[in-house]
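Subject: Handover of a structure and notes on what was found

Dear colleague,

Please find the structure below, together with its sequence. My notes follow, and I would be grateful if you would read them with the model open beside you.

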Amino acid sequence: MNIIFLGPPGAGKGTQSKRLEERYGIAQISTGDMLRAEVAAGSPLGQKVKTIMAEGQLVPDDLIIAMIEKRIRQPDCAKGFILDGFPRTRAQAEALDQMLTRSGQHIDAVLLLDVDENALADRIAGRYTCAKCGAGYNDLFKKPKVAGTCDVCGGHEFIRREDDRRDTVAARLKAYREQTAPILPYYEEEKRLYRVDGMADIDTVTKEVFAVIDRITKK
């Protein structure tokens, strides 16, 4: 089962991908993590990527596709993979399909977490974590049981990510609309796109995601 997770920043793709990975035994692939791993390993691909990034340029699509092709040959991808953060453009989606076809594979499902952008911005801007143990909280729906004290470790210091500021979130959502949203028709045309209500609580979203995958595997 090969899956792509789509949705704007903060929609919950990472959380749901981890749950899919645990339930179905398929590997989650983050292109960001993959790029960093190749650079750290000093592979030929990694050396090219390091040079490009050092010059402040975007990594070309063909290099990312080559790294994905290399990554999905690893043993942990034997039962399939979940792509989180890729593709971001129609050109990348088409290149990914072409590579998978050469490898005798294909994308089984594209899961889109549908969200209300205004509500999502509130949700992201309200996030903070315990500086000591990393436990996550939110101003709106997940405050510590005792104000100012972490439920997990009892710590009293909390931090907020710089890119969770409301103005930064707005810019990230705008970039998503302009760059990623246009690939949705590509997958809709081939009936591979499945929409899930990303504004529901985490466990409800998980149940809906699992239901979609179970329906596909039974076809």
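Before the notes begin, one term is needed: two residues are said to be in contact when heavy atoms of theirs lie within 4.5 Å. Please also bear in mind that this is a predicted model.

With that term in hand, consider I68, which lies in helix α4. Leaving out residues up to four places away in sequence, I68 touches T31, M34, L83, F86, L96 and M99. One of these partners, L83, is 15 residues from I68 in sequence, and their C-alpha atoms are 9.2 Å apart in space. Is I68 buried or exposed? The relative accessible area of I68 is 0%, and a residue counts as buried when that value is under 20%; therefore I68 is buried.

I68 also belongs to a wider group. The largest nonpolar core has 33 residues, and those with the most contacts inside it are I4, I68, F81, L83, L96 and Y187. Helix α4, residues 61–71, supplies the largest share of this core, namely five residues. A second core, separate from the first, has 17 residues, including I26, I82, L111 and V205. As a general point, nonpolar side chains in soluble globular proteins tend to be buried together.

Next come the annotated positions. An unreviewed UniProt entry places the feature "binding site" at T31, R36, Q57, L58, V59, G85, F86, P87, R88, Q92, R161 and R172. These positions are spread over 142 residues of sequence and are also spread in space, with up to 28.9 Å between C-alpha atoms.

Two of the positions in that record, T31 and F86, deserve a closer look. T31 is in helix α2, which covers residues 31–41. Its relative accessible area is 10%, so T31 is buried. Apart from neighbours within four places in sequence, T31 is in contact with I64, I68, D84, G85 and F86.

F86 is located in the loop between β3 (81–84) and α5 (90–102). Why does F86 count as buried? The reason is its relative accessibility of 2%, since the limit for a buried residue is under 20%. With the same neighbours in sequence set aside, F86 touches I4, T31, I64, I65, I68, Q92 and L96.

Another residue to examine is D164, in the loop between β7 (158–159) and α7 (166–180). D164 is buried because its relative accessibility is 5%. Its side chain makes a polar contact with the side chain of R127, at 2.9 Å. Beyond its neighbours within four places in sequence, D164 is in contact with I124, A125, R127, V169 and R172; R172 is also among the positions listed in the UniProt record.

Finally, some values for the chain as a whole. The chain has nine helices and eight strands. For 219 residues, a compact globule would have a radius of gyration near 17 Å, and the 19 Å of this chain agrees with that. Its C-alpha atoms fill a box of roughly 55 × 45 × 35 Å along the principal axes. Of the 219 residues, 40% count as buried. Among contacts between residues at least 6 apart in sequence, 67% join residues at least 24 apart. The chain exposes about 12,000 Å², and carbon and sulfur atoms supply 52% of that area.

Yours sincerely,

A colleague

Technical notes: Residues are numbered from 1 along each chain as its sequence is written. This is a predicted model: local features need pLDDT of at least 70, side-chain atom pairs count only at pLDDT 80 or more; totals for chains, interfaces and linings use all residues. Side-chain values use heavy atoms; hydrogens and water are left out. A nonpolar core is a set of buried Ala, Val, Leu, Ile, Met, Phe, Trp, Tyr and Cys residues joined through side-chain atoms within 4.5 Å. Buried means under 20% relative accessible area, exposed over 50%, partly exposed in between (1.4 Å probe, protein chains only). Helices (H or I, at least four residues) and strands (E, at least two) are DSSP runs, numbered from the N terminus. UniProt positions are given in the numbering used here, feature names are shortened, and annotations may be inferred rather than shown by experiment. A polar contact is a pair of N or O atoms within 3.5 Å; within protein, one must be able to donate a hydrogen and the other to accept it, and residues adjacent in sequence count only if both atoms are side-chain atoms. The radius of gyration is taken over C-alpha atoms; the globule rule is 2.2 Å times the number of residues to the power 0.38. Accessible areas come from the Shrake-Rupley method with a 1.4 Å probe; for residues, only the protein chains shown count as cover.
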